[in-house]
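Thanks for coming, everyone. I'd like to walk you through one structure today, so let me put it up on the screen.

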Amino acid sequence: MSSLQEDYYNLCMEKSRKINSFVWHLLQEVDEKIEKGLEGITLNIAGNSHLMPVERMTGEDFWILSRILKKNPYINASIYPFSSGLDVRYNLISDVGAYYAARLLQKQHKLIYLNLMFNDIGPKGGELIAKALHKNTTLKYLRMTGNKIENEGGMFFAAMLQINSSLEKLDLGDCDLEMQSVIAFATVLTQNQTIQAINLNRPILYGEQEESTVHLGHMLKENHCLVALHLCKHNMKNCGIKQLCDALYLNRSLRYLDISCNKITRDGMVYLADVLKSNTTLEVIDLSFNRIENAGAKYLSETLASHNRSVKALSVVSNNIEGEGLVALSQSMKTNPTLSNVYIWGNKFDEATCVAYSDLIQMGRLKPDNTDVESFVVDGHVCLAEVSNGLKKHYYWRPTYGEACSQSSNAGSSLVPVGPDL
């Protein structure tokens with residue numbers, strides 16, 4: 001069988017297309033893996049790589065690539081759940097490339113994982129990909145993050161979930177969804193029994209009534225398969241978190257709740273702390289970039305110290321919490337053996353806070369990889385410095401060295417795994 005690199009060269013010559021040097025180099029690496037007998041290879045052509053000169057793919061480049069992938073038996077041939085597929089994040093394939101991505105989904109029946117993050121795909125391209133998934137039975141993980149498919153494209157994806165029975169993880173964050181499409185997803189997920197993780201971050205919502213949380217709350221009461229729900233930047237306030245918490249009294253499947261970057265205050269923590277007294281499935285809670293303050297932190301600390309034994313990770317990064325609230329959280333770790341990951345950077349540290357977390361780390365109760373601070377001493381005073389650990393540090397980007405999906409930087413997906421880390 002001819003190599004991918006050879007097929008790519010011949011097709012470029014046949015179609016009078018300029019050879020993309022970045023694609024050419026990466027296909028050579030894949031060919032070497034195939035020669036070693038490896039299967040289930042993920043072809044990574046990320047346009048934001050800093051490790052080599054990048055010539056970002058256009059829609060026409062993706063057309064050539066899709067032609068050679070349709071007939072290759074090695075790419076995407078591994079057995080689930082091992083990561084395998086096509087990652088073309090941060091390129092410029094646009095709606096033209098989305099058309100060929102849709103064709104690829106129809107022809108390549110071994111494709112499990114597809115990452116099209118930030119590729120200038122619009123509503124039309126979103127429609128094409130969503131419709132291609134009506135008959136696709138193999139793709140399990142799709143990431144559309146940052147493509148402005150808007151409300152129109154979102155509605156096509158919601159309609160697709162009524163038909164598709166194989167997709168398990170869908171990321172539509174930063175896609176400019178609107179209230180109608182968010183409600184449509186909430187409605188569809190009351191019936192869909194295969195989606196385990198969905199990301200609806202940063203929709204374009206108008207008004208102050210938080211209507212979307214009413215529908216999402218109803219969905220959580222009915223859905224018994226969803227494991228991870230990301231609702232970052234939903235303009236959610238205390239009324240919205242109350243709707244979700246009311247549903248969590250009945251839900252027994254959700255393990256990862258991301259409500260970061262909202263407008264939740266200490267009053268919202270009353271509802272969350274109360275539901276955590278009876279909910280035994282939530283394991284990861286991301287409250288980063290809200291405003292729960294000391295009172296909210298103390299509400300959570302009391303529940304975690306004496307009632308809840310299911311939560312493993314809690315992020316309260318940048319929540320305007322002062323020493324009293326942060327020390328209360330550290331005290332809860334001494335009586336709660338389950339809580340292993342706590343992230344606190346961006347709050348107001350006093351010396352009591354620094355000493356409390358330094359003691360937790362030194363006694364081994366809080367492992368260095370499970371928090372975003374480390375202690376040091378200056379002139380006899382204990383201080384805390386930031387460490388690049390968190391629940392989803394590499395959501396938008398990958399590090400230039402070290403592991404691409406390290407557990408310490410992406411603890412959320414490590415603690416609650418749903419397929420490969422998208």
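Let's begin with A313, which stands opposite N341 in β11. This is a predicted model, by the way, so please hear everything I say in that light. The strand on the other side of that pairing is β10, residues 313-315, and β10 and β11 are joined by three bridges in the parallel sense.

Now zoom out to the sheet these two belong to. How many strands form it? Eleven, in an open sheet with parallel pairing, and the order is easy to remember: β1-β2-β3-β4-β5-β6-β7-β8-β9-β10-β11. At the edges sit β1, residues 43-44, and β11, residues 341-343, each of which pairs on one side only.

There is some antiparallel pairing to show you as well. Strand β12, residues 373-378, runs antiparallel to β13, residues 381-386, and six bridges join them. If you look at V378, you'll find its bridge partner in β13 is H381. Two residues lie between the strands of this hairpin, and one to click on is D379 in the turn, with a positive phi of about 55 degrees.

On to the helices. Take α7, residues 179-188, and α8, residues 211-222: their axes are 8 Å apart and the packing angle is about 10 degrees. Angles under 35 degrees count as roughly parallel, so α7 and α8 are roughly parallel to each other. On the α7 side the contact uses M179, V182, I183 and A186, while α8 brings E211, S212, H215, L216 and M219.

A second pair is α12, residues 323-335, with α13, residues 351-362. Their axes come within 9 Å and cross at roughly 20 degrees, so this pair is roughly parallel too, and the crossing is left-handed. From α12 we have G323, L326, V327, L329, S330, M333 and K334, meeting A352, T353, A356, Y357 and L360 of α13.

Last stop, the inside. Which residues have the most contacts inside the largest nonpolar core? They are L65 and F157, in a core of 104 residues. F157 is a nice one to display with its neighbours: leaving out residues up to four places away in sequence, it touches G126, I129, A130, L133, L142, M144, I149, L170, L172 and F185. There is also a second, separate core of twelve residues, with A197, L391, A411 and V418 among them.

That's my tour. Happy to rotate the model to whatever you'd like to see!

Key:
Residues are numbered from 1 along each chain as its sequence is written. This is a predicted model: local features need pLDDT of at least 70, side-chain atom pairs count only at pLDDT 80 or more; totals for chains, interfaces and linings use all residues. Side-chain values use heavy atoms; hydrogens and water are left out. Two strands pair if DSSP finds at least two bridges between them. Helices (H or I, at least four residues) and strands (E, at least two) are DSSP runs, numbered from the N terminus. A nonpolar core is a set of buried Ala, Val, Leu, Ile, Met, Phe, Trp, Tyr and Cys residues joined through side-chain atoms within 4.5 Å. Buried means under 20% relative accessible area, exposed over 50%, partly exposed in between (1.4 Å probe, protein chains only). Contact means heavy atoms within 4.5 Å. Axes are lines fitted to C-alpha atoms, for helices over the stretch in contact, and angles run from 0 to 180 degrees between N-to-C directions. Angles under 35 degrees count as roughly parallel, over 145 as roughly antiparallel, 65 to 115 as roughly perpendicular and the rest as oblique. A crossing is left-handed if the near helix is turned anticlockwise from the far one by less than a right angle, and right-handed if clockwise.
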